[in-house]
Amino acid sequence: MKSKILIIGACGQIGSELTHKLREIHGDDQVVASDISYTNLDIVNSGLFEILDAQDPTSLKVCIEKYEINTVYLMAAMLSATGEKFPMKAWDLNMSTLFNVLDLAKNGQIKKIFWPSSIAVFGPTTPKTETPQYTIMEPTTVYGITKQVGERWCEYYFNKYGVDVRSIRYPGIISWKTLPGGGTTDYAVDIYHKAIANNHYDCFLSENTELPMMYMEDAIKATVQIMEAPASSIKIRSSYNLSAISFTPKDMVASIKKHLKDFTIEYNPDFRQEIADSWPSSIDDQDARKDWNWKHQFSLDDITDNMLTNLTAKVSS
Ligand code: AKB
């Protein structure tokens, strides 16, 4: 089957880099990017683009039929920090878009779906280190609840209707091209921007808060890998644990100081500290490594090198 792809939420942090990667792999005419507004002109102007509100099932169906789409990457979501400010909006957005896509697949109009879950499915009662694939999951954020419920529905649609839906639990993702928005792990991107601009960062998490993180290139690699794997290798149809590295804000400071020795930081934890404290500090992802050969590449120092080099070049151009 030749993939004809729709990316929902293509202007966002992960959606935008995924769009470029999928266009590179499948060709520009095979990949339709979509979002609710023209927030990322690089994506809007670099190939097929549609304004699409995937909360509206009719608009979604029209778009799928117009381009004869058979594969959907549903990257639109309200993340953990913003979700706590707008709980019902987060619930509506995260759940309705998922149901709209799953139902089109149930009716045979879509053949394959990628839907991202998150480490936010875990909660304070989950084992904190090397969190296993199958464990206690009592998320305390609205975002985490939507991801946990979404996982159950993905598995249900696979078991009952044979829908080929694939998912990974992303950790915090670090990238320089597009800013993340509304997440608890966003500090790990912002710190590089502020290091270059001011040589100083006011951090909203405390210095020893350890969270699972990953560089964008690794996240895109995992996403492409799980979607390209034969259906028979995808043994988990809720969502796979996925891990690269774990670090604290203090570790980041040490890494940044190797390049900017006068860099300073101040810690002023806000409401996001409680969210971060409820999440694991490291993840056991042996199923992903075994089932579809997942392997990460970037260490914290690799990420720091890449972020500082690319952001500095971006600022000066
Ligand atoms: C967030 O911080 O909300 C996200 C996530 C871990 O899913 N980056």
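This report walks through a ligand site, a helix, a buried aspartate and an exposed lysine in a predicted model.

## Around the ligand

Let's start with the ligand. The residues around it are Leu79, Ser80, Ser118, Ile119, Tyr143, Gly183, Thr184, Thr185 and Trp279.

Three of these side chains put a polar atom within reach of a ligand oxygen or nitrogen. For Ser80, the partner is a ligand oxygen atom, 2.6 Å away. Tyr143 also has a polar side-chain atom facing an oxygen atom of the ligand, this time at 2.8 Å. With Thr185 the ligand atom is a nitrogen, and the distance is 2.9 Å. As for cover, the ligand has 250 Å² of accessible area on its own, and the protein covers 93% of that.

## Helix H12

H12 runs from residue 300 to residue 316, which makes 17 residues. From first C-alpha to last, the helix reaches 24 Å, close to the 24 Å expected at 1.5 Å a residue.

Which residues of H12 are buried? They are Leu300, Ile303, Thr304, Met307, Leu308 and Leu311. These residues sit on the same side of H12, because they cover an arc of only 120° around the axis. Flip to the other side of H12 and you'll find Thr309 and Ser316, both exposed.

So what covers the buried residues of H12? The cover includes two helices, H7 (187–198) and H9 (249–257). Strands E9 (172–174), E11 (211–215) and E13 (245–247) are also part of it.

## Asp164 and its arginines

Asp164 lies in strand E7, which spans residues 164–166. Asp164 counts as buried because its relative accessible area is 14%, under the 20% cut-off.

Its side chain has company from two arginines. One polar contact goes from the Asp164 side chain to the side chain of Arg166, at 2.9 Å. Another goes to the side chain of Arg237, at 2.7 Å. Setting aside neighbours within four places in sequence, Asp164 is in contact with Lys111, Lys112, Ile113, Ala231 and Arg237. Arg237 therefore turns up both in that contact list and as a polar partner of the Asp164 side chain.

## Lys261, out in a loop

Now back to H9, one of the elements covering H12's buried residues. Lys261 is found in the loop between H9 and strand E14 (264–267). Buried or exposed, then, for Lys261? Lys261 is exposed, because its relative accessibility is 66%, over the 50% cut-off.

Finally, a distance to look for in the structure: Lys261 and Arg272 are eleven residues apart in sequence, and their C-alpha atoms are 28 Å apart in space.

Technical notes: Residues numbered from 1 in each chain as written. Predicted model: local features only at pLDDT ≥ 70, side-chain atom pairs only at ≥ 80, totals over all residues. Heavy atoms only, no water. Helix = DSSP H or I, 4+ residues; strand = E, 2+ residues; numbered from the N terminus. Expected span 1.5 Å × (residues − 1). Buried < 20%, exposed > 50% of the residue type's maximum accessible area, 1.4 Å probe, protein only. Arc of directions from axis to C-beta. Contact = heavy atoms within 4.5 Å. Near = heavy atom within 4 Å. Polar contact = N/O pair within 3.5 Å; in protein donor to acceptor, adjacent residues only side chain to side chain. Areas by Shrake-Rupley, 256 points an atom, 1.4 Å probe, with all protein chains shown as cover.
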